[in-house]
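The following exercises concern the cysteines, a sheet and a surface patch of one protein chain. Please work through each task before reading its solution.

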Amino acid sequence: MDPMDFEPGEYEVIYTVTAINDCGDDTATFTVTVQEAPNAPEVNDLSFCAIQNPTGADLMVEGENLTFYTDEDLTMMVMEEDDLTSATYYVTQRNAEGNCESEASEIMITVNDPGTPTIDDTNQTFCEYDDATIADLNDAVDQTSNVTWYDSAESTDPLSTGTALQDGVSYYASLYDPETDCDSSERLAVTVTIEDCPLLFPEGISPNGDGKNDTFNIENIEREYPNYTISIRNRWGGLIYKGNANTPDWDGTTNQSGSLGDDVLPVGVYFYLLDFNDGVTAPRRGKIYLSR
């Protein structure tokens, strides 16, 4: 007798033990109740964001007395506190009495994570006159879109791209995936250093109108030393240029009256003397190559 072959209901069963040595037959009567097992739950695949830290408590399926499992053999139950991963899970339901369990339904769980933004160097250095903002950090990360910056690893208030960067402060970047509507579960931390701006001296100029190295432009000189003066001489010591913050940068021509020949100077090496006029910094001498 296999109750699985029976229709739901109550069955009276008579069990007889045949007599041995003329002791007489013995009979016992008992009732077998066959309950109807519920149908397997109707399910839909579920998708979560890793940043939500989904657990077994987040498994929502239509049905009653549900039990979730991680294996097809239904031996490993999912507890409410268990972390969910991208995998196939199984769910059954029991009848009201809890005695009969349905067949299992498969449910595909997907946990989406766009990943953490990446950058070549998590320590970004800027010059004080760069007026660096969050937009500069955007330019530094490898991802070209859907990156959002925050002032902490847990903040939910994004920083605008125009937010000024502060020295010694860390900023945190999250990557957003529009297809899954998920943000990074872990943020990229970038620490900013704001330094004094160095003076950058070109080694040569080529005033040919291509917009590159057309003038002798000493980067940051006007902000660091607004009272500077500079003079440039040819290799014979002749003064061919004098300038300051209010004059155009040297472009390979002379601005000194009384110079011999054309104002356009020939290709060659010229020598400059830069006086910072701050009462502290010693003048700087150097050479610059003029090409065309």
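**Exercise 1. Determine the partner of Cys 49 and describe the bond.**

Solution. The model is a predicted one. A disulfide is assigned where two cysteine sulfur atoms lie within 2.5 Å. The sulfur atoms of Cys 49 and Cys 182 are 1.9 Å apart, and these residues form a disulfide. Next, consider the handedness: the torsion about the S-S bond of Cys 49 and Cys 182 is about -80 degrees, so this disulfide is left-handed. Then locate the two ends. Cys 49 belongs to strand S3 (residues 46–49) and Cys 182 to strand S10 (residues 182–183), so the bond ties together parts that are 133 residues apart in sequence. Finally, apply the burial cut-off, under 20% relative accessible area. Cys 49 is buried at 10%, and Cys 182 is buried at 1%.

**Exercise 2. Carry out the analysis for the disulfide of Cys 127.**

Solution. Cys 127 is joined to Cys 197, with an S to S distance of 1.5 Å. The torsion about the S-S bond of Cys 127 and Cys 197 is about 115 degrees, so the disulfide is right-handed. Cys 127 lies in strand S7 (residues 123–127), whereas Cys 197 lies in the loop between strand S11 (188–195) and strand S12 (204–205); the pair therefore ties together parts that are 70 residues apart in sequence. Both ends can then be classed by accessibility. Cys 127 has a relative accessible area of 12% and is buried; Cys 197, at 6%, also counts as buried.

**Exercise 3. State how many disulfides the rule yields and what pairing the bonded cysteines have.**

Solution. The count comes to two disulfides. With the bonded cysteines of the protein chain numbered in sequence order, the pairing reads 1-3, 2-4. For two further cysteines, accessibility is given as follows: Cys 23 is exposed, with 64% relative accessibility, while Cys 100 is buried, with 16%.

**Exercise 4. Establish the strand order of the five-stranded open sheet and identify its edge strands.**

Solution. The order is S12-S16-S15-S13-S14, and the pairing is mixed. The edges are S12 and strand S14 (239–244), each of which pairs on one side only. At the S12 edge, two bridges join S12 to strand S16 (residues 284–290), and these strands run parallel. One bridge can be named by residue: Ile 205 has Leu 290 in S16 as its bridge partner.

**Exercise 5. Decide whether Leu 274 is buried or exposed, and list its contacts.**

Solution. Leu 274 is located in strand S15. Its relative accessibility is 0%, so Leu 274 counts as buried. Setting aside residues up to four places away in sequence, Leu 274 touches Phe 201, Ile 218, Ile 221, Tyr 228, Thr 229, Ile 230, Pro 283 and Arg 284. For a distance across the model, take Cys 100: its C-alpha atom is separated by 94 Å from that of Leu 274, and the two residues are 174 residues apart along the chain.

**Exercise 6. Identify the residues of the nonpolar surface patch and explain why Val 269 can belong to it.**

Solution. Val 267, Val 269, Phe 271 and Tyr 289 make the patch, which covers about 340 Å². Val 269 is found in strand S15 (residues 268–275). Membership requires over 30% relative accessible area. Val 269 has a relative accessible area of 35% and is partly exposed, so this requirement is met.

Definitions and conventions:
Residues are numbered from 1 along each chain as its sequence is written. This is a predicted model: local features need pLDDT of at least 70, side-chain atom pairs count only at pLDDT 80 or more; totals for chains, interfaces and linings use all residues. Side-chain values use heavy atoms; hydrogens and water are left out. Patches are made of residues with over 30% relative accessible area and no salt bridge: like charges are joined within 9 Å, nonpolar side chains (Val, Leu, Ile, Met, Phe, Trp, Tyr) within 5 Å. Accessible areas come from the Shrake-Rupley method with a 1.4 Å probe; for residues, only the protein chains shown count as cover. A salt bridge is a side-chain nitrogen of Lys or Arg within 4 Å of a carboxyl oxygen of Asp or Glu. Helices (H or I, at least four residues) and strands (E, at least two) are DSSP runs, numbered from the N terminus. Buried means under 20% relative accessible area, exposed over 50%, partly exposed in between (1.4 Å probe, protein chains only). Two strands pair if DSSP finds at least two bridges between them. Contact means heavy atoms within 4.5 Å.
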